[in-house]
Amino acid sequence: MLVFRSVKTFNLKPFNKDSNRIIQFKSIRSITHYNNRFKKSNKSKSTTETVKKDKNNNIVKDPKHNGKILGILGILAIGTTFLSISYQKNQPIPFLEGPCLYKMPLFNENEVTVIFVLGGPGVGKGTQCAKLVDRYGFVHLSAGDLLRAEQNRDGSEFGPLIKQCITEGLIVPQEVTVALLKNAIQANLDNGKSNFLVDGFPRKMDQAITFEESLVPSKFTLFFTCSEAVMLERLLERGKTSGRIDDNIESIKKRFKTFEETSMPVVEYFEKQGKVSKVNCETTVDEVFSAVEAVLKSRNITK
Ligand SMILES: Nc1ncnc2c1ncn2[C@@H]1O[C@H](COP(=O)(O)OP(=O)(O)O)[C@@H](O)[C@H]1O
Ligand SMILES: O=c1ccn([C@@H]2O[C@H](COP(=O)(O)OP(=O)(O)O)[C@@H](O)[C@H]2O)c(=O)[nH]1
C-alpha cells in the first residue's frame, strides 16, 4: 500500500485560546502532541495558581506565571519542531509492495542489464522493442503499459491520478512508476530473466536519477528520432484501433510539449555521459531495426 506523506504545514492557534500567537506545525501529529502537552500543563497549573488582586480589587495576572507559561510554550514549540523534523526524516514512502527508494542500487549492475528506450510519442519505441524481444529475448518493460495496467487494476488508489496524467500528457509522479518498474524487474529476476528494455522511461530528470541511484544504472539509452509530423501521423493512425485515451489530437499536442520540455533534458543528461545512441525512425520498421541491431553490437550488448 502506498502512502504519500504530505509535507504540509498547518498554521494554527494553539490550544491556549488566549494566545494570539500562531504556531506553524509540520504535521497533524505535532498539533495533537502539542495540544495534549498544553492541556496537561494547564491542568496542573490550575491547582496551584493563586489569584492576585490589585489595590482596587481587580484580578491581575501574575507576571511570574506568564513568564512560566511562555517558557513552557517555548520548550514545547522547540520540542515539537524537533519531533516533526525527525518524523519527516524517517524512511521514505513504503510503496505498493515494499520500499522503493534505497540508498544503494537494489540490483547489481553486473547481473542486470537495463537499456532505456526513449523518443517522442509514436516514434516507434514499442514496435522496435517487440522485435528486440523476438530476436534477442529481452524483457520489454513499457512504463506506459505498466501505468495503464495499474490504472485499470481493481482497487488501485492511483487509477484516477494516472488517467488524468495520461490524458493531459503529463508525467505520473515518479514514485508510482519507479515502484511499478522495480516490482516488474524483481518478478522477472525471480524467473531468471535479467535483460531489460525499459521503454518510455525515464521521461523526467527525477525519474532518471531515482532509477539509477535506487534500482540499477542503465547501460545506455536507445534514442529514437523522428519529425513531429511523422509522429503525429503515426499516432492518429494508431488511435483508430489502440483504444488509448491519449491518441487524439488534443492529448498528442500536450505529449509533444511534455516531451520537448521535460523529457529532452533527460536525453541531454545521458548524452553528456556518452550514454546515448540515436537511431532515425523515419524509415521502414525493418530498416530501423537494422540500425538498432548495429547499435546493440557497437555497445557490446549483442555479438
Ligand atoms: N518505422 C515505422 N514506419 C511506419 N510506421 C511505424 C514505424 N514504427 C512504428 N510505426 C507505427 O507507428 C505507430 C506508433 O508506434 P509505436 O511503436 O506504438 O510508438 P511508441 O511506442 O513510440 O509510442 C504504430 O501504429 C506503429 O505500427
Ligand atoms: O515514465 C512514464 C511513462 C509514461 N507516462 C505516461 O504515459 C503516457 C503514455 O506513455 P507511453 O510510453 O505509453 O506512450 P508514448 O507517448 O511514448 O506513445 C505518457 O504520455 C505519460 O502521461 C508517465 O507518466 N511516465
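**Figure 1. Cysteines of the predicted model.** A search of the whole structure finds zero disulfides. Cys-129 accordingly takes part in no disulfide, and the nearest cysteine sulfur, which belongs to Cys-281, is 10 Å away. The structure shown is a predicted model. With a relative accessibility of 1%, Cys-129 counts as buried, because buried residues are those under 20%. Cys-165 is buried as well, with a relative accessible area of 9%.

**Figure 2. The protein chain as a whole.** The secondary structure of the chain comprises 10 helices and 11 strands. The chain has 303 residues, of which 40% count as buried. Its accessible surface comes to about 17,400 Å², and 53% of this area belongs to carbon and sulfur atoms. Where contacts link residues at least 6 apart in sequence, 72% of them join residues at least 24 apart.

**Figure 3. The two sides of helix 5.** Helix 5 consists of residues 159-168, and its buried residues include Gly-159, Ile-162, Cys-165 and Ile-166. These residues lie on the same side of helix 5, because they cover an arc of only 135° around its axis. An α-helix has 3.6 residues a turn, so residues three or four places apart point the same way. On the face turned away from the buried side, helix 5 carries the exposed residues Pro-160 and Gln-164. The buried residues pack against two other helices, namely helix 4 (143-152) and helix 6 (174-190). After helix 5 comes Gly-169, whose phi is positive, near 70°.

**Figure 4. Surroundings of ligand 1.** Which residues are the closest to ligand 1? Of the 13 residues that surround this ligand, the closest are Lys-125, Gly-126, Thr-127, Arg-238 and Thr-283. Both backbone and side-chain atoms of the protein approach the ligand, as three atom pairs illustrate. A backbone N or O atom of Lys-125 is found 2.9 Å from an oxygen atom of ligand 1. Arg-238 places a polar side-chain atom 2.7 Å from an oxygen atom of the ligand. At Thr-283, a polar backbone atom is 2.9 Å from a nitrogen atom of ligand 1. Taken alone, ligand 1 exposes 550 Å², and the protein buries 73% of that area.

**Figure 5. Surroundings of ligand 2.** Around ligand 2 there are 21 residues, and those that come nearest are Lys-125, Arg-148, Leu-170, Val-172 and Arg-203. A backbone N or O atom of Leu-170 lies 2.6 Å from an oxygen atom of ligand 2. For Val-172, a backbone N or O atom is 2.7 Å from an oxygen atom of this ligand. Arg-238 contributes a polar side-chain atom, which is 3.3 Å from an oxygen atom of ligand 2. On its own, ligand 2 has 520 Å² of accessible area, and the protein covers 96% of it.

**Figure 6. A buried aspartate between two helices.** Asp-246 is located in the loop that joins helix 8 (228-242) and helix 9 (249-272). Is Asp-246 buried or exposed? Asp-246 is buried, because its relative accessible area is 4% and the cut-off for a buried residue is under 20%. The side chain of Asp-246 makes a polar contact, at 3.0 Å, with the side chain of Arg-244. Apart from its neighbours within four places in sequence, Asp-246 is in contact with Ile-166, Ser-251, Ile-252 and Arg-255. Among these contacts, Ile-166 is also one of the buried residues of helix 5.

**Figure 7. Two residues of helix 10.** Val-288 lies in helix 10, and Glu-293 belongs to this helix too, which covers residues 285-298. Val-288 is buried, with a relative accessible area of 2%. Neighbours within four places in sequence aside, Val-288 is in contact with Gln-128, Phe-224, Val-279, Asn-280, Cys-281 and Thr-283. Among these, Thr-283 is also one of the residues closest to ligand 1. Although Val-288 and Gly-124 are 164 residues apart along the chain, their C-alpha atoms are separated by 9.2 Å. For Glu-293, the contacts outside its neighbours within four places in sequence are with Arg-135, Tyr-136 and Thr-302. Glu-293 and Gly-159 are 134 residues apart along the chain, and 37 Å separates their C-alpha atoms.

Note on methods
Residues numbered from 1 in each chain as written. Chains lettered and ligands numbered in written order. Predicted model: local features only at pLDDT ≥ 70, side-chain atom pairs only at ≥ 80, totals over all residues. Heavy atoms only, no water. Helix = DSSP H or I, 4+ residues; strand = E, 2+ residues; numbered from the N terminus. Contact = heavy atoms within 4.5 Å. Buried < 20%, exposed > 50% of the residue type's maximum accessible area, 1.4 Å probe, protein only. Arc of directions from axis to C-beta. Near = heavy atom within 4 Å. Polar contact = N/O pair within 3.5 Å; in protein donor to acceptor, adjacent residues only side chain to side chain. Areas by Shrake-Rupley, 256 points an atom, 1.4 Å probe, with all protein chains shown as cover. Disulfide = S-S within 2.5 Å.
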